[in-house]
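Good morning, and thank you for coming. Please look at the model on the screen while I describe the empty space inside it.

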Amino acid sequence: MKLKQRVVLLAILLVIFIFTKVFLIDNLETSAANREDQRAFQRMLAGLRVALDPRLEHTLQSPWEIAAQWVVPREVYPEDTPELGAVMHAMSTKRIVKADVGYKGTQLKALLILEGGQKVVFKPKRYARDYIVEGEPYAGYDRHNAEVAAFHLDRILGFRRAPLVVGRFVNLRTEIKPVATEQLLGTFMTVGNNTCFYGKCYYCRETEPACADGDVMEGSVTLWLPDVWPLQKHRHPWGRTYREGKLARWEYDESYCDAVKKTSPYDSGPRLLDIIDTAIFDYLIGNADRHHYESFQDDEGASMLILLDNAKSFGNPALDERSILAPLYQCCIIRVSTWNRLNYLKNGVLKSALKTAMSHDPISPVLSDPHLDALEQRLLSILATVKQCTDQFGPDVVLVEDRMTLSHL
């Protein structure tokens, strides 16, 4: 063989070797990531049952201090949370030392200060579990049980971006009224034999109070995020106009996602993928009301999209509002880790996991069976949507590796 032919052959072999090595390394890295996703899923399943127990491992710290230390830019609580049950027990039982009207918003809520100085948001029960909210997907009052269910779904999906929520029964006469501010106390009334209040908010009306069963009211309490992590509010790029006959641009412009990708903070960093994760989360719970969202302040798009205010969910199990998925089917990208997790939850695993996760909550059963069945059907719709994207653009374009390092200092 001539020297020139040998050189060409060696060059070809070298190219083949390099490509083979790169391919193998790439596959090994992908396989390792997938294996870690599988292990993380198994860890999640093993830790689903959260018994509300007052015992703390760190006895020198209060439950509030422990929960505050969990918060980092990319998650509200860590994967390994042996003291989650103790924190949630404190949320559901600690003495209420002050009660006030809720922070600004459209829906009725109360701001409570628990023993030890911890703020929580109390949302009262307005509907029975089997009540179906008719009309637009964002219609009706807030659903307190939806906040509880959404928190546990956040755990199951592995996002860990929702503040802690637990159900609680409060006696309005003995626990709230003695420590209520004049502003809140002025909204109390008696309807029949039931103690009621209507609070202060955009849609709060004296004619539409929330009423206890006698004096005892069922509700949810959401843990206030630490003050050292101030929030910044953003308009959701796929928000609705809430005006009849007026469509938002994303509702008629098929290339809308291309425009979003050119604007900050969606042109770089994790925020666009967070939006898509949130669309999946919201579609599962039936939440079409995320017109704004919060992140931590001055984050330049690096911190997570925090899954706050999930109470406009689980209103109608028969309504699948596909438009909630617009960020997914218009952008046709999804995190590999999210895609893996959704696949692990197929074949009834999601329903079973959520029932298990909610089983120890004080207001259990949290959801009716039709809502749990609806979750299963919506999961299949999400998987089908991603498949349509991969069929059109290929998995290398659609499935994005974006694993953020989460450090707890």
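**Enclosed spaces in the model**

The second largest cavity holds about 110 Å³ of space. Of the 15 residues lining this cavity, Pro137, Gly286, Gly315, Asn316 and Leu319 are the closest to its centre. A cavity here is a set of points, on a 1 Å grid over the protein atoms alone, where a 1.4 Å probe fits but cannot get out, and lining residues have an atom within 4 Å of a point. Grid points are joined across faces, edges and corners, and the volume is the space filled by probe spheres set on them.

I should say early that this is a predicted model: local features need pLDDT of at least 70, side-chain atom pairs count only at pLDDT 80 or more, and totals for chains, interfaces and linings use all residues. Residues are numbered from 1 along each chain as its sequence is written, and side-chain values use heavy atoms, without hydrogens and water.

Domain 1 (96-223) and domain 2 (231-400) each supply at least three residues to the lining of the second largest cavity; these bounds come from an automatic or database domain assignment.

Altogether, the structure holds six cavities of 30 Å³ or more. The largest has a volume of about 140 Å³. Which residues lie nearest the centre of the largest cavity? They are His236, Trp238, Asp282, Arg290 and Ile324, out of 15 lining residues. Helix 8 (residues 271-285) gives the most to this lining, with three residues; helices are DSSP runs (H or I, at least four residues), numbered from the N terminus.

Note on methods
1 Å grid on protein atoms, 1.4 Å probe; cavity = no way out; pocket = protein on both sides within 12 Å on 5 of 7 lines; lining within 4 Å. Helix = DSSP H or I, 4+ residues; strand = E, 2+ residues; numbered from the N terminus.
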